[in-house]
Amino acid sequence: MCGIVGLFLKNPALRPSLGKHIKIMLIGMTDRGPDSAGIAVYHQPVGADSCKLTAFHADRHYHWREVGGELGEALGAEVDVDVKANHAVIKVAAGESAARAWLKEHHPELRIMGYGELMEVYKDMGLPADVVARYGIEAMEGSHAIGHTRMATESAVTTEHSHPFTAAPDMCLVHNGSLSNHNNLRKWLRHHGHDFETDNDSEVAARYFAHRLGEGATLAEALEAGLSDLDGFYTFTMGTRDGFAVLRDGIACKPAVLAETDDWVAMASEFRSLANLPGVDKATIWEPKPAVVYTWSLQ
C-alpha cells in the first residue's frame, strides 16, 4: 500500500502556491506510506543549452562544491550547486547527457534522482512531513508536481528505492501497486539499452514508458501501450515537462480520485489529500475508470 498525489496548475497565477498545496497533499497520504516519500517539482527552468540534475549522497557532509568544480572544468561549462540536505541541484551550462555521463564515470557513488531542464526530484526515508520539511517543498513555486508515500512491498526501504523514478529528461513516474512481469520486462529493456539502478518494479515501469516515449509515442500513446505490456495491479501518475497523466489497470483495484476546476487538476489515492485545495467544493470529482488514460498538457 502506497499513496500517490499530483497537482497540475492550469492557471499560472497559482504557481507561487504549488509547494504549499503539494505539501499538504503529500502529508495527507502518510498512513498509506510512512517509510519514505518523494516529490518531483516542475519549476525554474534553466536557460538554453543547459540542464539541471538532482543528485543524492547519504553523507550530508559530501563534498558537493568540489564535484561541481570538477564537472565544470571537465565540460568547460559554468556549474552552480545548491545543496539541500543530502541532495544537491546541479545546474550545468551543457547538455544533460554529457553531465550525467561524466558524473557516472567519475563519481559513481552519486545517485542521479532527476534531470532535465525543469524538473527537480527529492526523495528520502522518513515520514512525509519530515521529508517535505527537509527539502523546503512548501516554498517551491511551479507548474506541477507529483509525489509518493511508500510502504515497501517489492524491495528494500532505502532512499534509492523511493519514488518518483526518473527515466528520461523531465519525465518521472509514481506507482501504487505491483507488477508481476517486471523481471521479463527488465530483461527486454536491458536488451534495448536501458540500465537499471534498483530492483524496484516501479523503476521498470518508468523505463518502459520512457522507452515508448523515446520511440516517438505521445504521453497518452505510451501509457496505452502499457495496458498491453504491463501485468499486475497499478495506479500510475506521470509527469513530463508540460504534461500530467493518470492510469489505472483494467481491474482498478488500487484507489484513485481525480478533481478538476478551471484552475487546476489534482489526483490522489484518497480524497482527503484533495480536500484543502482552493475551490475543491466546486470541482468536478470522479474516480478514474479502469484502463483509461487521462492526460493534461500546458500547451
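Student: In what sense do strands E10 and E11 pair?
Tutor: This is a predicted model, so let's keep to what it shows. Strand E10 covers residues 171-179, and 8 bridges tie E10 to E11. The sense of that pairing is antiparallel.

Student: Which residue of E11 is the bridge partner of Gly 177?
Tutor: E10 takes in residues 171-179, and E11 takes in residues 232-239. Follow the bridge from Gly 177 across into E11 and you land on Tyr 234.

Student: How many bridges join E11 to strand E12?
Tutor: E12 spans residues 243-248 and runs antiparallel to E11. One of the pairs to look for is Phe 236 with its partner in E12, Leu 247. The bridge count between E11 and E12 is 5.

Student: And through how many residues does the hairpin join E11 to E12?
Tutor: E11 is residues 232-239, while E12 is residues 243-248. The link between E11 and E12 is a hairpin, and its length in residues is 3.

Student: How many residues of E11 are buried?
Tutor: E11 has pairing with E10 over 8 bridges and with E12 over 5. Buried here means under 20% relative accessible area. E11 is mostly covered, and out of its 8 residues the buried count is 6.

Student: Is Arg 32 buried or exposed?
Tutor: Look in the loop between helix H1 (18-27) and strand E2 (36-42), where Arg 32 sits. Leaving out residues up to four places away in sequence, Arg 32 touches several others, among them Met 1, Asn 176, Glu 270 and Arg 272. Its relative accessible area is 8%, and the cut-off is under 20%, so Arg 32 is buried.

Student: Stepping back, what share of the 299 residues is buried?
Tutor: The protein has 7 helices and 16 strands. It exposes about 11900 Å², with carbon and sulfur atoms supplying 49% of that. As for buried residues, their share is 56%.

Student: What is the radius of gyration of the protein?
Tutor: The C-alpha atoms fill a box of roughly 50 × 45 × 35 Å along the principal axes. For 299 residues, a compact globule would come out near 19 Å. The protein agrees with that, since its radius of gyration is 18 Å.

Student: How far apart are the mean positions of the positive and negative charges?
Tutor: There are 27 positive charges and 40 negative ones to average. Take the mean position of each set, and the distance between the two is 4 Å.

Key:
Residues are numbered from 1 along each chain as its sequence is written. This is a predicted model: local features need pLDDT of at least 70, side-chain atom pairs count only at pLDDT 80 or more; totals for chains, interfaces and linings use all residues. Side-chain values use heavy atoms; hydrogens and water are left out. Buried means under 20% relative accessible area, exposed over 50%, partly exposed in between (1.4 Å probe, protein chains only). Helices (H or I, at least four residues) and strands (E, at least two) are DSSP runs, numbered from the N terminus. Two strands pair if DSSP finds at least two bridges between them. The radius of gyration is taken over C-alpha atoms; the globule rule is 2.2 Å times the number of residues to the power 0.38. Accessible areas come from the Shrake-Rupley method with a 1.4 Å probe; for residues, only the protein chains shown count as cover. Lys and Arg count as positive and Asp and Glu as negative; His and the chain ends are not counted. The place of a charge is taken as NZ of Lys, CZ of Arg, CG of Asp or CD of Glu. Contact means heavy atoms within 4.5 Å.
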